[in-house]
Amino acid sequence: MVLRARTLLGPGPSNPYPEAQAALGLPLLGHLDPVFLQVLDETSERLRQVFGTANRRTLPLSATGSAGMEAAFVNTVGPGDVVVVAVNGLFGQRMVEVAARCGAEVVAVEHEWGQPVDASRVLDAHPAPKLIAAVHAETSTGVLSDLRPLAEGKGDALLLADCVTSLGGIPVRLDDWGVDLAYSGSQKCLGVPPGLAPFTINERAWERRVEKPQSWYLDLGLLGGYAGEAAGSGRTYHHTAPTGMVVALHAGLGRILEEGLDAVYARHAEAGRLLHEGLAELGLELFAAEGHRLPELTTVKVPDGVDSAAVRGELLERFGVEIGAGAGAYAGSVWRIGLMGPNAAPDKVALVLAALKAVLAR
């Protein structure tokens with residue numbers, strides 16, 4: 001089988017930054033090699049910068065973003081704990097499922113898909129939850145939700161944020177906002193292949209952690225002896241880290257920080273603006289609520305009478321362009337177009353608009 005190059009403009013993965021791609025070809029290092037441990041520590045520090053946090057326990061988990069979600073819950077939630085989850089898309093639903101499997105009493109605050117989180121409804125859902133969880137950038141709907149009102153009204157609760165699609169593409173300032181713990185994935189705006197889950201937890205959440213969580217692999221107490229809080233000290237062996245992937249993440253983060261976070265955010269914002277305007281010119285209607293649309297992940301309604309899957313298939317076969325289907329009830333009625341990492345660029349906007357125009361004309 002011959003692997004053809006694709007332009008990955010779906011909800012993820014994105015094409016990696018060239019620096020991250022090149023790093024995968026570097027000589028492989030052992031997970032306890034002093035040179036690798038220095039790279040790991042530098043990677044954790046770079047993650048602090050993009051997360052907007054000084055949290056000592058910030059590290060890349062050796063798994064995809066979904067494991068970041070799992071780690072957040074298993075380390076902070078136990079049987080009988082009350083967890084309030086803002087649900088405005090697929091990944092809010094997954095939070096509900098994961099929290100329930102931890103034995104939590106879950107209060108799901110349902111929202112219409114395509115709408116942002118209503119902080120007042122979430123805060124009013126329970127008087128004293130242990131944890132409040134919300135998705136910053138909902139990948140299934142292309143909606144941005146403001147986390148600050150949740151932080152301002154959380155009281156004694158911990159605030160957990162899903163930053164899988166936001167980190168590296170739009171501003172994330174966890175410490176300024178008052179977010180206690182968060183996770184992401186390497187394969188979206190960070191411009192690195194899938195396989196790592198950037199994770200951070202502050203002291204407030206750490207003090208309330210589950211001492212012996214149900215997951216050995218994702219036990220932050222054990223992981224902290226190897227990465228994050230172990231920086232510059234002796235290491236406790238926990239697992240064989242995917243060293244090549246960490247080196248790639250180190251390179252991708254270096255690329256982002258060299259460009260400058262503000263410049264990266266501006267580039268994503270401009271690409272999203274161009275795409276939204278171009279889709280409107282094609283007569284297509286956006287799905288996410290106006291004023292809350294993500295620049296890096298755009299949801300667009302499939303026109304009446306158009307076969308969604310057939311269009312996506314032709315885009316892939318004729319043009320090598322991947323876009324995503326919708327999620328859940330909107331699987332056949334919405335397309336998801338991602339402009340993440342290096343794909344947040346005018347030439348990629350022009351490509352997907354021209355390809356869509358050609359396919360729809362047929």
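Here are some questions and answers about how the terms used for this predicted model are earned.

Q: What makes the chain as compact as a globular protein of its length?
A: The secondary structure comes to 13 helices and 14 strands. The radius of gyration of the chain is 20 Å, and the globule rule gives 21 Å for 362 residues; the two are close, so the chain is as compact as a globular protein of that length. Along its principal axes, the C-alpha trace spans about 60 × 55 × 35 Å.

Q: Why is strand S2 called mostly covered?
A: A residue counts as buried when its relative accessible area is under 20%. In S2, residues 57-61, five of the five residues are buried, so the strand earns the description.

Q: How do you know which way the residues of S2 point, and are they buried or exposed?
A: Arg57, Leu59 and Leu61 point one way from S2, while Thr58 and Pro60 point the other way. All of them are buried.

Q: What makes S2 and S10 a pair?
A: Two strands pair if there are at least two bridges between them. Five bridges join S2 to S10 (residues 197-201), so the two strands count as paired, and they run antiparallel. Within this pairing, Leu61 stands opposite Ala197 in S10.

Q: How many of the chain's contacts join residues at least 24 apart?
A: Here a contact means heavy atoms within 4.5 Å. Among contacts between residues at least 6 apart in sequence, 71% join residues at least 24 apart.

Notes. Residues numbered from 1 in each chain as written. Predicted model: local features only at pLDDT ≥ 70, side-chain atom pairs only at ≥ 80, totals over all residues. Heavy atoms only, no water. Helix = DSSP H or I, 4+ residues; strand = E, 2+ residues; numbered from the N terminus. Rg over C-alpha atoms; globule rule 2.2 N^0.38 Å. Buried < 20%, exposed > 50% of the residue type's maximum accessible area, 1.4 Å probe, protein only.
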